[in-house]
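I opened the notebook to write down what I looked up, one item at a time. The entries follow the order in which I went through things.

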Amino acid sequence: MSANADFQQPVIRHLAWLCQAPQLYRGALTFDPVAWLPADYRHKLQYWDMHPESMPSLLQQATQRRLGLYFEQLYACLLQDLLGWELLARNLQIRDERRTLGELDFLLRNPLTGEVEHHEIAVKFYLGHTDAVSRRVRWYGPNSRDRLDLKTDRLLQHQTRLTSSEAARPVLRALGVKGTPVARLFMPGYLFYPLGEAVTAPQQVDPDHGRGRWCHVADVSRLQTEGWVVLHKPHWLANWQQPAAPEQGRLQQAAEEVAQSGRACLLARLMPGPSGWQEVERLFVVPDNWPEVPSIG
């Protein structure tokens, strides 16, 4: 059972997950919040959980169903209200004379080192698919235009290098930043493995990464049918829990909706626990033509 099941407020469970979530990129630029968090940070989370009116405004505002924006709000709260770092800029555009080269997600001052840091962040969900011809495994998003290797390459080769560009220098100087900030990358998420097929995770991924399974609509009949609930954004983060038993027949109903709409669906299977029904497994159901035709999750 997840330690985050102790929290009743979903936004606090999500923030607690963010603090310790394994990542889909492990390398020299990886940022680990847990290495910087104060020893008593969970006490602060518990207080906010029991007294929602005391939550930082960033958490009270974090009700977006757009997962990326919600994730940014949680990360900003982690940096400012849990770590106590100084936020210099957020979503800072870098332009040359003709076009926007990109945005700096977060520009911060680390009070423990005195260094300015540039953090690029993303929360991602990828499904492993074996190509029928090459037998190569690629990791696609529910929208198969998104791919783990392409996203990682974009972050490492472009986004994290923006502060080193000529165009960034006047922008940084205007903020009082001397030199090039330290680049960091934070990319938690989940990998979903194909039903009934053994595939190996990419080497870049934390070994204890979040995981689940995926299947096409045609294969739903192979699964245990009861105990499933549909997870809506932003509840793709952290484990789901609820007081009542799941509605019967929800998996088959979700599969029918996927077949009709062409949109992937994320579900969680629940089991009864000490404080209600709690998530024990995750599943993506995708259209039968996925990934050849992109589906939007």
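**Helix α1.** I started with what lies over the buried residues of α1, and the cover includes α2 (41-50), α3 (57-60) and α4 (67-82). Strands are part of that cover too, including β6, β7 (189-194) and β10 (241-242). I should jot down that this is a predicted model.

How many of the residues of α1 (residues 10-20) are buried? I got 9 of the 11, so this helix is largely enclosed by the rest of the structure. The buried ones are Val11, Ile12, Arg13, His14, Leu15, Ala16, Trp17, Leu18 and Cys19. I noticed that Arg13 and His14 are on that list along with Val11 and Ile12.

**The whole chain.** Next I zoomed out. I found 7 helices and 12 strands in the protein chain. Its radius of gyration is 20 Å, and the globule rule gives 19 Å for 297 residues; the two are close, so the chain is as compact as a globular protein of that length. I also looked up the span of the C-alpha trace along its principal axes, which is about 60 × 50 × 30 Å.

Then I checked burial for the chain: 52% of the 297 residues count as buried. The accessible surface comes to about 14300 Å², and carbon and sulfur atoms own 49% of that. For contacts with a separation of 6 or more, I saw that 65% are between residues 24 or more positions apart.

**A sheet of 4 strands.** In what order do the strands of the open sheet come? I wrote down β1-β2-β3-β6, and the pairing is mixed. β1 (86-95) and β6 (182-186) are the edge strands; each has a single partner strand, so one side of each has no neighbour in the sheet. From one strand to the next, the twist averages 30°.

I then followed β1 into β2 (residues 100-109). The two pair in the antiparallel sense, over 8 bridges. They make a hairpin, with 4 residues between them. To see who faces whom, I picked out two pairs: Glu86 is opposite Arg109 in β2, and Ala89 is opposite Leu107 in β2.

**Gln159.** This one is in the loop between α5 (148-157) and α6 (168-174). Is Gln159 buried or exposed? Its relative accessible area is 12%, and the cut-off for buried is under 20%, so Gln159 counts as buried. Its side chain reaches the backbone oxygen of Glu103, at 3.3 Å. I listed its contacts as well, leaving aside neighbours within four places in sequence: Glu103, His118, Glu120 and Arg154. So Glu103 turns up in both lookups, because contact here means heavy atoms within 4.5 Å and the side chain of Gln159 reaches the Glu103 backbone oxygen at 3.3 Å.

**Leu150.** Last stop: Leu150, which sits in helix α5. I put this residue down as partly exposed, with a relative accessible area of 46%. I also checked its spacing from Trp139, which is 11 residues away along the chain. The C-alpha atoms of the two are separated by 9.7 Å.

Definitions and conventions: Residues are numbered from 1 along each chain as its sequence is written. This is a predicted model: local features need pLDDT of at least 70, side-chain atom pairs count only at pLDDT 80 or more; totals for chains, interfaces and linings use all residues. Side-chain values use heavy atoms; hydrogens and water are left out. Two strands pair if DSSP finds at least two bridges between them. Axes are lines fitted to C-alpha atoms, for helices over the stretch in contact, and angles run from 0 to 180 degrees between N-to-C directions. Buried means under 20% relative accessible area, exposed over 50%, partly exposed in between (1.4 Å probe, protein chains only). A polar contact is a pair of N or O atoms within 3.5 Å; within protein, one must be able to donate a hydrogen and the other to accept it, and residues adjacent in sequence count only if both atoms are side-chain atoms. The radius of gyration is taken over C-alpha atoms; the globule rule is 2.2 Å times the number of residues to the power 0.38. Accessible areas come from the Shrake-Rupley method with a 1.4 Å probe; for residues, only the protein chains shown count as cover.
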